[in-house]
Amino acid sequence: MVNIIDGSAVAGRLREEMAAEIKVMKAQNGIAPGLAVILVGEDPASQVYVRNKEKACEAVGIASFEYRLPTSATQAELFDLVSRLNNDKLVHGILVQLPLPSHIKESEIIAAVDPVKDVDGFHPVNVGKLSSGLPGLVPCTPQGCMILIKEVLSDLRGLRALVVGRSNIVGKPMAQLLLQADCTVTTAHSKTRDLPGECLQADILVAAIGKPEFIKGDWIKPGATVIDVGINRLKTEDGKNKLVGDVDFAAAYERAFAITPVPGGVGPMTIACLLRNTVQAARNINGL
Ligand code: NDP
């Protein structure tokens, strides 16, 4: 029987564990983990993401502080805000919702966040730590994918893993985590010559492309574990919105050993891991 990896359930379990941990931190150490979320501009998708992150914080007992800046905000204004939050004792995590308006240099803002508060794990210091195998804050989506993989595979050593996509947010850190788990890792991208052939060799396939149902069922190695990061919005014939992943789920299901659905797979794990990183940052900052 194929395992459908229930990301919503795993994320729910993590949230419960965190809520209990935060209660203890508050009672024993007087520390309430705090997350500052910065949103620049009016992008509707970003507004939804930010709202969901704040709700998730409240549900586990993390204080959330929202900072909304207009699209016209300057780079200097953003630097000032980040610098203030870097020095704010109540703030343990800082999240700058991406994308930023085009007149702001994203990489410079990311680099301005104190690495100990970089709960997205995008700061060059945390990227370097991940690739050197040192403890640091690990990007949320790949962290969530690893937890889901470990739900169904107890020993990853020597397995062939293919990551399709090489973004800084998902693909690259995902490949690092799989390498740390002793997989034999390949990263594919838009210039890869024989993607179906690469997929067919993969015991673990992580798809992070952003193209609806791009990975076909007959590309899946029989018995593979398939993690679908993609979130693509399609219109159905009756004009409704439908979310699909980067993998043709129905066809891949026929061959996989385990597979994540979209929605309800990786998505809920990303937010759960953001909360995890915030708690971790609060612990690190307070030497717990
Ligand atoms: P990016 O657009 O930054 O990266 C996409 C990657 O896919 C690139 O490396 C690109 O290659 C590769 N790619 C594009 N076309 C092909 C192709 N034909 N064959 C092979 N590789 C290809 O996207 P992200 O990494 O940010 O996100 C990927 C997907 O994951 C999106 O659907 C996004 O919405 C979703 N996502 C979901 C999250 C969640 O919580 N579930 C969180 C983050 C993202 P190249 O580098 O050569 O251009």
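Trainee: What makes the space lined by Ile94, Val96, Leu98, Ile110, Val113, Asp118, Asp120 and Phe122 a cavity?

Mentor: Those eight names line the largest cavity of this predicted model. On a 1 Å grid over the protein atoms alone, a cavity is a set of points where a 1.4 Å probe fits but cannot get out, and lining residues have an atom within 4 Å of a point. The largest cavity has a volume of about 70 Å³, where volume is the space filled by probe spheres set on points joined across faces, edges and corners. The search, with its limit of 30 Å³ or more, finds one cavity in the whole structure.

Trainee: Good to know. What should I keep in mind about the model itself?

Mentor: Residues are numbered from 1 along each chain as its sequence is written, and side-chain values use heavy atoms, with hydrogens and water left out. Since the model is predicted, local features need pLDDT of at least 70 and side-chain atom pairs count only at pLDDT 80 or more, while totals for chains, interfaces and linings use all residues.

Trainee: Why is the space of about 1,200 Å³ called a pocket?

Mentor: A pocket is an open set of points with protein on both sides within 12 Å along at least five of seven lines, and the space of about 1,200 Å³ is the largest pocket, so it belongs to that open kind. Of its 44 lining residues, Tyr49, Thr141, Ile231, Gly267 and Thr270 are closest to the centre. Helix 2 (44-60) gives the largest share of this lining, seven residues.

Trainee: How do you know that both domains take part in the lining of the largest pocket?

Mentor: Domain 1 (30-114) and domain 2 (140-267) each give at least three residues to that lining. The bounds come from an automatic or database domain assignment.

Trainee: Now the ligand: what makes the pair between arginine 166 and the ligand a polar contact?

Mentor: A polar contact is a pair of N or O atoms within 3.5 Å; within protein, one must be able to donate a hydrogen and the other to accept it, and residues adjacent in sequence count only if both atoms are side-chain atoms. A polar side-chain atom of arginine 166 is 2.7 Å from a ligand oxygen, so the pair qualifies. Serine 190 offers a polar side-chain atom at 2.6 Å from an oxygen of the ligand, and an N or O atom in the side chain of lysine 211 lies 3.3 Å from a ligand nitrogen.

Definitions and conventions:
Helices (H or I, at least four residues) and strands (E, at least two) are DSSP runs, numbered from the N terminus.
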